[in-house]
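Biologist: Please take a close look at the aromatic residues of this protein. I would like to know how their rings are arranged and what surrounds them.

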Amino acid sequence: MVVPNVIQKRIVIGLLGLVLLGVLPGSPTVESATASDGALTGDESVARLWNEELLAAIRRDFARPTVHARNLFHVSAASWDAWAVFDPMAQGWLVHEKWDDSDLELATGETLASARQQAREIAISYAAYRILRWRFRGSPGAAVTLRALDERMAALGLDPDFEQRSGNNPAALGNRIAAAYLAFGQTDNANEAGDYANRVYESVNAPLIMTEPGNPDLTDLNRYQPLSLPFFLDQAGNPVSAGFPEFLSPEWGQVIAFALDPSDLEIITREGFDYWTFHDPGAPPLLGGPGDTDYKDGFAQVVEWSGLLD
């Protein structure tokens with residue numbers, strides 16, 4: 001029975017697919033804001049520019065792919081909601097506000113199409129900016145990330161200190177959308193208020209102390225065991241002091257997602273907690289149980305391939 005991490009890979013793949021779409025239809029284009037944009041050509045939409053800021057912020061943060069999959073989801077969905085406000089047929093994901101052409105302020109000689117695009121650009125920018133500043137305020141790379149976000153706003157000609165949420169102002173609209181997503185994030189079961197820590201799950205196996213020989217405290221060969229290291233770097237290169245990392249997001253089947261069908265849900269109860277499992281592939285090979293031969297073959301292959309490392 002695979003409980004805690006069945007959801008993770010599918011959520012990450014699905015959300016990366018969403019964010020890599022990047023360019024929302026009808027979004028205006030602006031010049032590349034900073035020299036650090038690298039491969040950007042200057043023809044990107046505002047949605048693409050903010051996706052690039054998000055990806056850069058992720059690279060400076062701790063390596064926690066489930067948390068960042070959620071960030072990708074929320075920023076992409078908020079950007080879509082901001083775009084959809086100005087389209088009579090499009091349906092927002094969380095925010096369903098609608099403006100018509102009479103809500104737009106036209107400058108002298110400006111067309112409705114131009115005013116609509118500009119309003120979208122501003123709303124998308126404020127929505128993404130507010131979400132990113134909140135989500136990455138405690139990142140180890142926060143000093144660089146927050147400055148980069150402010151510089152992006154300045155390059156777009158927007159005031160980052162404008163915090164008004166009321167009224168038919170595209171900036172206020174973006175702030176409203178961001179506020180809706182940040183409030184939603186407090187109730188989507190990700191435990192953001194607790195820095196995404198596991199609420200219930202604990203390993204049945206004591207940590208493997210890597211500086212000592214053997215593994216005398218292993219109690220269940222078929223269950224996860226954390227590794228205890230005196231010092232290590234996470235996948236993003238951030239130093240982590242003594243201790244061991246928690247199992248990443250084992251309870252996140254309960255986190256509200258955007259494309260998982262309830263018909264594909266199986267709820268597996270273990271030790272009084274309901275693990276929501278979508279597209280459950282079933283149990284892996286188990287040592288001393290079903291798939292014992294496959295388990296041993298896989299173990300032997302790991303040893304063989306590890307022997308090729310220098």
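Modeller: The account below begins with the overall model and then turns to the aromatic rings and their surroundings.

The model is predicted, and the protein has a mean pLDDT of 87, with 87% of the residues scoring at least 70. Confidence is lowest in helix H1, residues 6-21, where the mean is 38, and highest in H6, where the mean is 98. Over residues 1-36 pLDDT stays under 50, although the model has 90 contacts beyond four places in sequence for that stretch. Where pLDDT is low, the predicted coordinates should not be read in detail.

The protein contains seven helices and six strands, arranged along the sequence as α-α-α-α-α-α-β-β-β-β-β-β-α. Of its 310 residues, 40% are buried.

A search of the whole structure yields twelve aromatic pairs. One of them joins phenylalanine 73 and tryptophan 93: the ring centres are 5.0 Å apart and the planes stand at 80°, so this pair is edge-to-face. Because phenylalanine 73 belongs to helix H3 and tryptophan 93 to the loop between H3 and H4, the pair ties together parts that are 20 residues apart in sequence. The partners also have their own degrees of exposure: phenylalanine 73 is buried, at a relative accessible area of 3%, whereas tryptophan 93 is partly exposed, at 31%.

Another pair, tryptophan 80 with tryptophan 83, has ring centres 5.2 Å apart and planes at 20°, and is therefore stacked. These two residues are three apart in helix H3, so about one helical turn separates them. Tryptophan 80 is partly exposed, with a relative accessible area of 27%, while tryptophan 83 has 8% and counts as buried. Tryptophan 83 has a further neighbour in arginine 120, whose charged end sits over the tryptophan ring, 4.0 Å from its centre. A similar description applies to arginine 137, whose charged end sits over the ring of tryptophan 134 at 3.6 Å from the ring centre.

The edge-to-face partners Phe73 and Trp93 also belong to one aromatic cluster, together with Tyr181, Phe184 and Phe258.

The nonpolar interior provides the next setting. In soluble globular proteins, nonpolar side chains tend to be buried together. Here the largest nonpolar core has 41 residues, and Trp50 and Ile177 are those with the most contacts inside it. Helices H2, H3, H4, H5 and H6 each supply at least two residues of this core, and the largest share, eleven residues, comes from H4. Apart from this core lies another, of five residues, which include Tyr196 and Trp252 as well as Val67 and Val255. Returning to Trp50, its contacts beyond four places in sequence are with Ile124, Ser125, Ala128, Tyr129, Leu132, Leu149, Arg152, Met153 and Leu156.

A last aromatic residue lies in a strand. Strand S5, residues 265-270, and strand S6, residues 273-278, run antiparallel and are joined by six bridges. Within this pairing, tryptophan 276 of S6 stands opposite isoleucine 267. The hairpin of S5 and S6 has two residues between the strands, and glutamate 271 there takes a positive phi near 55°.

Notes: Residues are numbered from 1 along each chain as its sequence is written. Side-chain values use heavy atoms; hydrogens and water are left out. A nonpolar core is a set of buried Ala, Val, Leu, Ile, Met, Phe, Trp, Tyr and Cys residues joined through side-chain atoms within 4.5 Å. Buried means under 20% relative accessible area, exposed over 50%, partly exposed in between (1.4 Å probe, protein chains only). Helices (H or I, at least four residues) and strands (E, at least two) are DSSP runs, numbered from the N terminus. Contact means heavy atoms within 4.5 Å. Rings of Phe, Tyr and Trp (its six-membered ring) pair if their centres lie within 6.5 Å; planes under 30 degrees apart count as stacked, over 60 as edge-to-face and the rest as tilted. A charge sits over a ring if NZ of Lys or CZ of Arg is within 6 Å of the ring centre and within 35 degrees of the ring normal. pLDDT is the predictor's confidence in each residue, from 0 to 100. Two strands pair if DSSP finds at least two bridges between them.
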